[in-house]
Amino acid sequence: KAKPKAKPKAKPKAKPKAKAKAAPKKRGRPASSTKASTKKPKDPLKVGKWSAAEENALREGMEKYGDENHKWALIKDDDNYTDLLMDRSNVDLKDKWRQLMRKEAKEKGGEGADEEEEEED
């Protein structure tokens, strides 16, 4: 004769937990933004005014590489300009070029400033 299997004992049901009240929202910056940054600082790049030599190097580089893709990196890596532009980022070169184009367009009378800028991108 087979013995009937014993039923497993039922676990006592846990009492329902009381719902915690949500903390009131605080105004101002989130706590995470007030902590000190743990990121490593980037290599310092040159900040500030461009020298005439830097501007000339950028102009010459644009004459040489103006129609190329990645022209900013090509100008920066070119041996003729690298000493002058090594402390400037590719974005610095692009932004300075746009400033120079706007300045030249203003000096010419303001005609075609937007058209020249779009062609250079």
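How many Å should the 19 residues of helix H5 (residues 90-108) span at 1.5 Å a residue, and how far apart are its end C-alpha atoms? The expected span is 27 Å and the end C-alpha atoms are 27 Å apart, which agrees. The expectation is 1.5 Å times one less than the number of residues.

Before going on, a word on what you are looking at. This is a predicted model, in which local features need pLDDT of at least 70 and side-chain atom pairs count only at pLDDT 80 or more, while totals for chains, interfaces and linings use all residues. Residues are numbered from 1 along each chain as its sequence is written, and side-chain values use heavy atoms, with hydrogens and water left out.

**The chain as a whole**

The protein chain has 6 helices and 0 strands, where helices (H or I, at least four residues) and strands (E, at least two) are DSSP runs numbered from the N terminus. Along the sequence the pattern reads α-α-α-α-α-α. Confidence is given as pLDDT, the predictor's score for each residue from 0 to 100. The protein chain averages 77, and 55% of the residues score at least 70. Helix H2 (residues 52-65) has the highest mean, 94, and helix H6 (residues 113-120) the lowest, 50.

Of the 121 residues, 21% count as buried; buried means under 20% relative accessible area, exposed over 50%, and partly exposed in between (1.4 Å probe, protein chains only). The exposed surface of the protein chain comes to about 11400 Å², with 51% of it supplied by carbon and sulfur atoms; such areas come from the Shrake-Rupley method with a 1.4 Å probe. Contact means heavy atoms within 4.5 Å. Among contacts between residues at least 6 apart in sequence, 46% join residues at least 24 apart.

**H5 and its partner H2**

Back to H5, whose buried residues are Leu 93, Lys 96, Trp 97, Leu 100, Met 101 and Ala 105. As general background, an α-helix has 3.6 residues a turn, so residues three or four places apart point the same way.

H2 and H5 pack at an angle of about 90 degrees, with their axes 11 Å apart. The two are therefore roughly perpendicular to each other, a label for angles of 65 to 115 degrees. Axes here are lines fitted to C-alpha atoms, for helices over the stretch in contact, and angles run from 0 to 180 degrees between N-to-C directions. From H2, Glu 55, Leu 58, Arg 59 and Met 62 meet Leu 93, Lys 96, Trp 97, Leu 100 and Glu 104 in H5. Trp 97 and Leu 58 are 39 residues apart along the chain, yet their C-alpha atoms are separated by 7.5 Å.

**Individual residues**

Here are four residues with their places and relative accessible areas.

| Residue | Place | Relative accessible area |
|---|---|---|
| His 70 | loop between H2 and H3 | 66%, exposed |
| Asp 78 | loop between H3 and H4 | 8%, buried |
| Ser 89 | loop between H4 and H5 | 17%, buried |
| Trp 97 | helix H5 | 9%, buried |

Leaving aside neighbours within four places in sequence, Asp 78 is in contact with Lys 64 and Tyr 65. Asp 78 and Tyr 65 are 10.0 Å apart, C-alpha to C-alpha. On the same terms, Ser 89 is in contact with Leu 45 and Lys 76.

Two backbone angles are worth a look. Most residues other than glycine have a negative phi. His 70 has a positive phi, near 60 degrees. Just after H5, Gly 109 takes a positive phi of about 120 degrees.

Definitions and conventions
Angles under 35 degrees count as roughly parallel, over 145 as roughly antiparallel, 65 to 115 as roughly perpendicular and the rest as oblique.
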